[in-house]
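Hi everyone, thanks for making time for this. I'd like to walk you through some side-chain contacts, starting with cysteines, then rings, then charges. Please have the viewer open while I talk.

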Amino acid sequence: MDDTKLNTILDKHHRDPAELLAILMDIQAVENYLPKDDMKQVAKELKIPFSKVYSMATFFATFSLEPRGKHICTVCMGTACHVRGAARLVDQVQRDFEVEAGGTTDDMFLTLETVNCVGACALGPLMIVDGEYHGNMDAGKLDRVLRKLKKQDAKE
Amino acid sequence: MSHPKKGDKVTFKIEGRTYDGRYGDSLLEQLRKHGYEVPSLCYHEAVSPYGSCRLCLVEVKKGKKQKVTTSCNYPVQEGIEVFVNTEKVRRYRKVVLQLHLSKTPKSKAVRDLAAEYGVMETPYEVQEQDKDNDCVLCGLCSRVCDEIVHVSAISFTGRGQNKRMQSPYDETAEACIGCGACVYVCPTDCIGLQESDGIRHIEKWHRDLPLQTCEKCGKQFFPTFMLMEFSKRTGISKDQLNICPACRNSVV
Ligand code: SF4
Ligand code: SF4
Ligand code: FES
Ligand code: FES
């Protein structure tokens, strides 16, 4: 991330170390992950130890320290979703896209992530694709959602 | 009654005997001061308590309520009654030690401590990833590095099963000045510090630092980087610091 962009984010949060979490979230919103150099720069600008920034970045499951795919597919593996077959959804994506849970496809098209309950258990099994929630998922629906993504991409 | 302030004089009881203390004192410290034996892994009087090892359990009676609590981070208060060796405390501590044995099965410090309390084995499963790891995640190293050395080169990373004590990215801890304070304070001796060929090597933080050669006696003593940092902080010129403590003392 270039300095101007980073400075805008830092200024927005008053360069306040107490807002570190929000700052990291803003960086990830732009970069799709937390680049090491950006975290170093944040530490320097906020005058806090790099180890503390890294510590926070690794504490929250929402942060990724590695570049992620263009699309992020998150499958809920919380108890309610799990008993309704969330594992099968994960398997399906793993198979169709040749990607491990937590990993990214070689062509950087898709990152597959799992979370433990997003608080919408009634809709389970639940999946979030690029921020959009899809409830009551099954194999057919999953296929349709991901196929749509591919089509979209082909058009661009 | 006004609210008590830190440092106010208080009277409390340990095993039925009355003692004086200051409001807010660490109960563990008071217990040890008066000769009561309480085990611990994550406590050191030089830094703030953290309460993670759960070994310093005691029973505290406050008013009508009596409960088992960690003593390191329990502030001494007026009128409390403390029991260090009740059946409940022994039972709880045993479980805690069993859990420690399942987390750091090879650590000599943990095994010795467990044996001292009659715990020789653990019924809990040992996870593959923990088999060769002696770190008990007590956080003493990073608290010392934060609060005493003011460098904060290392910290906890991840959480739950993946919680570790690490340098950022588990790569060279660039902020580390190689003072060795963390090594000194680590209860399980799992950080590792070696010196060879003029280099101080701190294993766990992947840090190699050249040692300064004393201008008087020619012996290598502290890492040069550490002396530079001291010079920056204290205003003492680096040249003065290039003489080892032994030679410096003999000059005076
Ligand atoms: S040796 Fe490095 S990590 Fe350890 S206390 Fe000193 S500065 Fe901190
Ligand atoms: S390295 Fe040692 S001092 Fe640091 S957390 Fe692990 S056991 Fe505690
Ligand atoms: S378990 Fe999936 S939303 Fe709660
Ligand atoms: S010494 Fe109290 S919890 Fe570790």
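Let's begin with B:C141, which is buried, at a relative accessible area of 8%. Please keep in mind throughout that this is a predicted model.

Staying with cysteines, how far is the sulfur of B:C190 from the closest cysteine sulfur? That closest sulfur belongs to B:C186, and the separation is 3.8 Å, too far for a bond. The cut-off here is 2.5 Å between sulfur atoms, so B:C190 and B:C186 do not count as a disulfide. B:C190 itself is partly exposed, with 22% relative accessible area. Over all chains, the disulfide count comes to zero.

Now to the rings. Over all chains, the structure holds nine aromatic pairs. Take A:F59 and A:F60: their ring centres are 5.1 Å apart and their planes meet at 80°, so this pair is edge-to-face. The angle that matters for that label is 60 degrees, since planes over that value count as edge-to-face. Both residues are partly exposed, A:F59 at 37% relative accessibility and A:F60 at 28%.

Over in chain B, B:F12 and B:Y19 also make an aromatic pair, but a tilted one, with 6.4 Å from centre to centre and 40° between the planes. Are these two residues buried or exposed? B:F12 is buried, and B:Y19 is buried as well.

There is also a ring cluster that involves both chains: ring pairs link A:F50, A:Y54 and B:Y169. If you click on B:Y169, look for a lysine too. The charged end of A:K36 sits over the ring of B:Y169, 4.8 Å from the ring centre. So on screen, B:Y169 belongs to the cluster with A:F50 and A:Y54 and has the charged end of A:K36 over its ring. Within chain B, you can find another charge over a ring: B:R207 lies over the face of B:F225, at 5.1 Å from the ring centre.

That brings us to charge against charge. Side chains of opposite charge can pair when their charged atoms come close. How many salt bridges are there over all chains? The count comes to 18, and I've picked a few to show.

One of them joins B:D112 and B:K108, with the closest N and O atoms 2.6 Å apart. Both partners lie in helix α3 of chain B, residues 108-116, and they are four residues apart, about one turn of the helix. B:D112 is partly exposed at 40% relative accessible area, while B:K108 counts as exposed at 59%.

A similar layout turns up in helix α6 of chain B, residues 224-234, where B:E229 and B:R233 are four residues apart, about one turn of the helix. In their salt bridge, the closest N and O atoms are 3.1 Å apart. Here B:E229 is buried, at 18%, and B:R233 is partly exposed, at 39%.

In chain A, salt bridges that share partners join A:D11, A:R15 and A:E45 into one network.

Back in chain B, B:E195 forms a salt bridge with B:R200, and the closest N and O atoms are 2.8 Å apart. Which partner is buried? B:R200 is, with a relative accessible area of 9%, whereas B:E195 counts as partly exposed at 41%.

That's my tour, and I'm happy to take questions.

Note on methods
Residues numbered from 1 in each chain as written. Chains lettered and ligands numbered in written order. Predicted model: local features only at pLDDT ≥ 70, side-chain atom pairs only at ≥ 80, totals over all residues. Heavy atoms only, no water. Buried < 20%, exposed > 50% of the residue type's maximum accessible area, 1.4 Å probe, protein only. Phe/Tyr/Trp six-rings, centres within 6.5 Å; stacked < 30°, edge-to-face > 60°. Lys NZ or Arg CZ within 6 Å of the ring centre and 35° of its normal. Salt bridge = Lys/Arg side-chain N within 4 Å of Asp/Glu carboxyl O. Helix = DSSP H or I, 4+ residues; strand = E, 2+ residues; numbered from the N terminus.
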